[in-house]
Amino acid sequence: MAKDSSQRDAYTRPVRRLLIGVICLCLLAIFLVWRIDSPRVERFRAQVTDRVVPNMEWAMTPVTGAIKLMRDFQSYQQLAEQNRELRSELRQMQAWKEAALQLEQENARLLDLNNVRLDPRLTYITGVVLADSGSPFRQSVLLNVGARDGVRDGWAAMDGIGLVGRISGTGKTTARVILLTDAASSVPALIQPSGQNALVAGDNNAAPLIDFLENPDLVRPGDRVISSGDGGVFPAGLLIGQVAADPSGRLRVRLSADYERLEFLRVLRHHGSIPLHEPGSLVVPIDPEDERTPDLRPEPVDETADAAVGGDSDG
């Protein structure tokens, strides 16, 4: 038995070495063939691939399934992580909602205590943005509301959050809105909390400039910019955006309105302030027939008369 095993080992060892050498040579030949850059070799590689790969689909099936399973597992992990993030954001939103409701109730109570009456004339009409006719030289949009709906030139247009522009040109069923970023747009503004008056001027940039600022040292990035109502074009208190500084140091306004998603705009009906034609009840009107203005200064005292009266009394 020992002799048979030794003979078997003496036979299998050379065969094993021969097989290993042949396999190494085949692998080296395949490597060289796959690395040679020649049209003939390229055609040969294509023929080999066309014949071998379709017949090896049964062998690639487990590998493909394992890859899909791994990808599904990774996507499941991503979904689980996103689900946790959404739950956290939902809890934060619920807390913000509760805080907003409390602030709304508090605001309503304060308005009731102060007997505040909002201007009923400041209503709005909503229009759909039909087309964006913006260009490097003119930035505006078209709405599907016009003179038929009572829209007038100069009225303010908002996207529900911030000021977008003003009506400039009305047709029967359409109206054009000049955006705040247009070079022809200038809006009197008030910067809070410093109370500085300024002018928000467009320059065909996404962030309009802040010009004619009295004291720039009092303004900081992040300050709130609202319409001041000067000139009677826009109502006062409309949100425009926040102060930001460009790389050159100039102050600009980061607009609150989302200019990339202008789908619906609110056109505010603003008829300006009420002119005063009659004086108030505390001011007495002057009769135009009375040319003399009453002199309320005290009358001068006659010293000679006082001296004569004093002398008679002494005598």
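Guide: Welcome! One definition before we start: two strands pair if DSSP finds at least two bridges between them. Please keep in mind that this is a predicted model.

Visitor: Thanks! How many residues lie between the strands in the hairpin of β10 and β11?

Guide: Strand β10 covers residues 239-245, and strand β11 covers residues 251-255. These two strands pair in the antiparallel sense over five bridges, with Ala-244 standing opposite Arg-252 of β11. In the connection, Gly-249 takes a positive phi near 95°. The number of residues between the strands is five.

Visitor: Which residue of β10 stands opposite Val-225?

Guide: β10 also pairs with β9, in the antiparallel sense and over three bridges. Strand β10 is mostly covered, with five of its seven residues buried. The β10 residue standing opposite Val-225 is Gly-241.

Visitor: On to charges. How far apart are the closest N and O atoms of Arg-252 and Asp-203?

Guide: A salt bridge needs a side-chain nitrogen of Lys or Arg within 4 Å of a carboxyl oxygen of Asp or Glu, and by that rule the model has three. Arg-252 is in strand β11 and Asp-203 in the loop between β7 (196-201) and β8, so their pair ties together parts 49 residues apart in sequence. Arg-252 is buried at 12% relative accessible area, whereas Asp-203 is partly exposed at 29%. The closest N and O atoms of this salt bridge are separated by 3.1 Å.

Visitor: Which residues are joined into one network by salt bridges that share partners?

Guide: Arg-252 also forms a salt bridge with Asp-246, where the closest N and O atoms are 3.2 Å apart. Asp-246 and Arg-252 are both buried. Through shared partners, the network joins Asp-203, Asp-246 and Arg-252.

Visitor: And which residue forms a salt bridge with Asp-211?

Guide: In this pair the closest N and O atoms are 4.0 Å apart. Asp-211 belongs to strand β8 while its partner sits in the loop between β10 and β11, so the bridge ties together parts 39 residues apart in sequence. Asp-211 is partly exposed at 23% relative accessible area, and the partner is partly exposed too, at 43%. That partner is Arg-250.

Visitor: Asp-223 has no salt bridge, so which side chain of opposite charge is nearest to it?

Guide: Asp-223 lies in the loop between β8 (209-211) and β9 (224-227), and it is buried. Among the residues it touches are Ile-191, Pro-193, Leu-218 and Val-243. A polar atom of the Asp-223 side chain lies 2.9 Å from the backbone nitrogen of Arg-220. The nearest side chain of opposite charge is 6.7 Å away, and it belongs to Arg-220.

Visitor: Last one, about cysteines. How far is the sulfur of Cys-24 from the closest cysteine sulfur?

Guide: A disulfide calls for two cysteine sulfur atoms within 2.5 Å, and by this rule the count is zero. Cys-24 is partly exposed, with 46% relative accessible area, and Cys-26 is partly exposed as well, with 41%. The closest sulfur to that of Cys-24 is in Cys-26, and it is too far for a bond because the separation is 9.3 Å.

Key:
Residues numbered from 1 in each chain as written. Predicted model: local features only at pLDDT ≥ 70, side-chain atom pairs only at ≥ 80, totals over all residues. Heavy atoms only, no water. Buried < 20%, exposed > 50% of the residue type's maximum accessible area, 1.4 Å probe, protein only. Helix = DSSP H or I, 4+ residues; strand = E, 2+ residues; numbered from the N terminus. Lys, Arg positive; Asp, Glu negative; His and termini not counted. Polar contact = N/O pair within 3.5 Å; in protein donor to acceptor, adjacent residues only side chain to side chain. Contact = heavy atoms within 4.5 Å. Lists of a residue's contacts leave out its neighbours within four places in sequence.
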